[in-house]
Amino acid sequence: MSDPALPDGVERREVNGEERLATRGEPVYGEPTADGWRAWDPERSKLGGMLELGLETGLTGGETVLYLGAASGTTVSHVADFAGPTYAVEFAPRPARDLLDAAEPRDRLFPLLKDARKPDTYAHVVEADVDAVVQDVATRGQADVAVRNAEFLTEDGRLLLAIKARSEDVTAAPEAVFEGALDRLRDAYEILETRRLDRFHEDHLGVVATPK
């Protein structure tokens with residue numbers, strides 16, 4: 001079923017007897033499928049959780065996307081199912097091998113074995129003026145990564161960020177971690193919306209922002 005709040009190419013479909021977010025494409029992580037649609041598990045995807053919770057991501061379908069922290073391709077494969085050119089940055093070699101497998105049937109998905117903290121190493125590959133930067137990087141300095149990559153975004157583009165509190169400081173209260181990260185983000189972004197993702201991802205904050 002088409003939902004006006006979802007990007008074109010993302011629908012709520014009945015899969016295995018229940019209504020699920022889904023995209024059309026080859027399965028990647030053992031997710032159930034039905035009639036060419038693959039269920040998008042919000043418990044395994046921060047962006048899937050953000051869509052399930054109704055955050056206004058600004059995604060409409062067909063946009064150019066820079067995905068930071070692509071890991072083995074769970075979420076970025078769904079993104080490439082509905083978006084345009086999708087650049088997937090992942091630094092760890094082991095998940096990057098799985099990412100290459102996810103990209104094989106997707107001609108719009110471009111894996112980059114690069115460090116998201118060093119955007120100058122892939123600036124010559126990624127198009128200027130991407131429509132969205134999606135970030136799920138489980139490392140200290142998550143807001144710094146987003147600020148460094150703001151250069152790629154078009155003027156009215158969107159940052160879709162999941163901040164993992166325990167990646168920043170396992171001893172600090174998540175609320176304090178989130179406030180610190182948002183303060184750093186404001187150096188380069190206007191924050192449009194935030195929402196706790198605890199229903200699917202404990203101690204995570206979903207952030208939608210646009211470049212200043």
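Guide: A nonpolar core is a set of buried Ala, Val, Leu, Ile, Met, Phe, Trp, Tyr and Cys residues joined through side-chain atoms within 4.5 Å. Buried means under 20% relative accessible area, exposed means over 50%, and partly exposed lies in between (1.4 Å probe, protein chains only). This is a predicted model, where local features need pLDDT of at least 70, side-chain atom pairs count only at pLDDT 80 or more, and totals for chains, interfaces and linings use all residues. Residues are numbered from 1 along each chain as its sequence is written, and side-chain values use heavy atoms, leaving out hydrogens and water.

Visitor: Which residues touch the most other members of the largest nonpolar core?

Guide: They are Leu66, Leu68, Tyr122, Leu159, Leu185 and Tyr189, out of 32 residues in that core. Elements giving two or more residues include strand 5 (65–68), helix 4 (142–148), strand 9 (153–164) and helix 6 (174–185). Helix 6 gives the most, with five residues. Helices (H or I, at least four residues) and strands (E, at least two) are DSSP runs, numbered from the N terminus.

Visitor: What does Leu159 touch?

Guide: Contact means heavy atoms within 4.5 Å. Not counting residues up to four places away in sequence, Leu159 touches Val133, Ala146, Leu153, Leu185, Tyr189, Val207, Val208 and Ala209. A second, separate core has 30 residues, among them Leu53, Ala88, Ala132 and Leu160.

Visitor: Where does UniProt place the feature "binding site"?

Guide: The unreviewed UniProt entry places it at ten listed positions, including Thr74, Asp115, Asp136, Ala138 and Thr139. UniProt positions follow the numbering used here, feature names are shortened, and annotations may be inferred rather than shown by experiment. From this set, Asp136 is in the lining of the largest cavity. A cavity is a set of points, on a 1 Å grid over the protein atoms alone, where a 1.4 Å probe fits but cannot get out; lining residues have an atom within 4 Å of a point.

Visitor: Why is Ala138 called exposed?

Guide: Its relative accessible area is 56%, so Ala138 passes the upper cut-off. Ala138 lies in the loop between strand 8 and helix 4. Ala138 touches Lys164 and Ser167, leaving aside residues up to four places away in sequence.

Visitor: And why is Thr139 called partly exposed?

Guide: Thr139 has a relative accessible area of 22%, so it falls between the two cut-offs. Thr139 lies in the loop between strand 8 and helix 4. Its contacts, leaving aside neighbours within four places in sequence, are Arg117, Ser167 and Glu168.

Visitor: What makes Arg106 and Asp81 a salt bridge?

Guide: A salt bridge is a side-chain nitrogen of Lys or Arg within 4 Å of a carboxyl oxygen of Asp or Glu. The closest N and O atoms of Arg106 and Asp81 are 2.8 Å apart, so the pair qualifies. Arg106 is in the loop between helix 3 (93–103) and strand 7 (109–112) and Asp81 in helix 2 (residues 74–82), so the pair ties together parts 25 residues apart in sequence. Both Arg106 and Asp81 are buried. The structure holds 15 salt bridges.

Visitor: How do you know that Asp144 and Arg184 meet in a salt bridge?

Guide: Their N to O distance is 2.4 Å, so it lies within the cut-off. The pair links distant parts of the chain, with Asp144 in helix 4 and Arg184 in helix 6, 40 residues apart. Asp144 is partly exposed at 27% relative accessibility. Arg184 is partly exposed at 30%.

Visitor: What is notable about the phi of Asp203?

Guide: Most residues other than glycine have a negative phi. Asp203 is not a glycine, and has a positive phi of about 60 degrees. Asp203 lies in the loop between strand 10 (189–196) and strand 11. Its 14% relative accessibility makes it buried. Asp203 also belongs to a network of salt bridges with Arg166, Glu175, Arg196 and Asp198.

Visitor: Why is His78 called buried?

Guide: The relative accessible area of His78 is 0%, so it falls under the lower cut-off. His78 is found in helix 2. Not counting residues up to four places away in sequence, His78 touches Thr23, Tyr29, Arg38, Ala39 and Trp40.

Visitor: What makes the link between His78 and Arg38 a polar contact?

Guide: A polar contact is a pair of N or O atoms within 3.5 Å; within protein, one must be able to donate a hydrogen and the other to accept it, and residues adjacent in sequence count only if both atoms are side-chain atoms. The side chains of His78 and Arg38 are joined at 3.4 Å, so the distance is within the cut-off.

Methods. On a 1 Å grid over the protein atoms alone, a cavity is a set of points where a 1.4 Å probe fits but cannot get out, and a pocket is an open set with protein on both sides within 12 Å along at least five of seven lines; lining residues have an atom within 4 Å of a point.
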